[in-house]
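This report looks at a single protein chain, moving from selected charged pairs to a pocket and then to the chain as a whole. Please keep the sequence and the model at hand while reading.

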Amino acid sequence: MGKNKKTRKVVMQRFAQMKRMISLSDSRIKPEKRLPSKKTPKEDKTKIKVTEVPQQSSALFFQYNMQLGPPYHILIDTNFINFSIKNKLDIIQNMMECLYAKCTPYITDCVMGELEKLGQKYKLALKIIKDPRFERLKCMHKGTYADDCLVNRVTQHKCYIVATNDKDLKRRIRKIPGVPIMYVSQHRFTIERMPDAYGAPK
């Protein structure tokens, strides 16, 4: 019994010593040895807040894109080619009928890779793309997701029209000002955000 009491007494003394020690965040300790406080400092309301606003593209005159003009540069998405084949539409001819001008279709490496992954079923689409009138664009980024590739290209260079039937990609591109979208509708090509084009929704 006596031994048990002794050990308890020693434990209590040690606990008292620990309690007596000053915490490292205490204001009585020298500033260089003091721990930084976990409390977030209060914001000074008199200070001017500096917020970074993304720089607007020099290609835009309000909502009007100054870089768009014949010959039109059109970035083509995978499903646009497939929809054109389903509707038996010649891509280049119908683009020219829609825009009343010369058009240059562009295929990125990501779109090419996506079509190659789809296999034998989309052999015809691959054959159409390999036409010398379709120009190839090299992709320098990581990954092969075509949607991200097209969105990045369009945000950097405002000279492109995006040809797609993908709803998600359309939604993403609509957020970027001054980029028209071409799509297949009612067995012909239609374009939005370009009022002077044939078949453009008013």
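Does Asp-168 count as buried, partly exposed or exposed, and at what relative accessibility? In this predicted model, Asp-168 counts as partly exposed because its relative accessibility is 46%, between the 20% and 50% cut-offs. Its salt-bridge partner is Arg-171, with the closest N and O atoms 3.1 Å apart, and Arg-171 likewise counts as partly exposed, at 48% relative accessibility. Both residues belong to helix α7 (residues 167-174), where they are three residues apart, or about one turn of the helix. An α-helix has 3.6 residues a turn, so residues three or four places apart point the same way.

**Salt bridges**

The structure holds five salt bridges, and the table sets out three of them, including the pair just described.

| Salt bridge | Closest N and O atoms |
|---|---|
| Arg-136 with Asp-109 | 2.7 Å |
| Arg-171 with Asp-168 | 3.1 Å |
| Glu-192 with Arg-174 | 2.9 Å |

Helix α7 also takes part in the pair of Glu-192 and Arg-174, which links distant parts of the chain, since Glu-192 lies in strand β8 (residues 188-192), 18 residues from Arg-174. Glu-192 is buried, with a relative accessible area of 14%, whereas Arg-174 is partly exposed, at 40%.

The pair of Arg-136 and Asp-109 again links distant parts of the chain, with Arg-136 in strand β5 (residues 135-137) and Asp-109 in helix α4 (residues 109-118), 27 residues apart. Arg-136 counts as partly exposed at 45% relative accessibility, and Asp-109 counts as partly exposed at 22%.

**The second largest pocket**

About 170 Å³ of space lies in the second largest pocket, to whose lining α2 (78-86) and α5 (123-129) each give two or more residues. The largest share, five residues, comes from α2, and the lining includes Asn-79, Asn-82, Phe-83, Lys-121, Tyr-122 and Leu-124. By class, this lining has five nonpolar, two polar and three charged residues. Within α2, the buried residues are Thr-78, Asn-79, Phe-80, Ile-81, Asn-82 and Ser-84, and the helix is followed by Lys-88, whose phi is positive, near 55°.

**The chain as a whole**

The protein chain has seven helices and eight strands, and 37% of its 202 residues count as buried. Among contacts with a separation of 6 or more, 59% are accounted for by residues 24 or more positions apart. The chain exposes about 15200 Å², of which carbon and sulfur atoms supply 56%.

Technical notes: Residues are numbered from 1 along each chain as its sequence is written. This is a predicted model: local features need pLDDT of at least 70, side-chain atom pairs count only at pLDDT 80 or more; totals for chains, interfaces and linings use all residues. Side-chain values use heavy atoms; hydrogens and water are left out. Helices (H or I, at least four residues) and strands (E, at least two) are DSSP runs, numbered from the N terminus. Buried means under 20% relative accessible area, exposed over 50%, partly exposed in between (1.4 Å probe, protein chains only). Contact means heavy atoms within 4.5 Å. Accessible areas come from the Shrake-Rupley method with a 1.4 Å probe; for residues, only the protein chains shown count as cover. On a 1 Å grid over the protein atoms alone, a cavity is a set of points where a 1.4 Å probe fits but cannot get out, and a pocket is an open set with protein on both sides within 12 Å along at least five of seven lines; lining residues have an atom within 4 Å of a point. Grid points are joined across faces, edges and corners, and a volume is the space filled by probe spheres set on the points. Ala, Val, Leu, Ile, Met, Phe, Trp, Tyr, Cys and Pro count as nonpolar, Asp, Glu, Lys and Arg as charged, and the others, Gly among them, as polar. A salt bridge is a side-chain nitrogen of Lys or Arg within 4 Å of a carboxyl oxygen of Asp or Glu.
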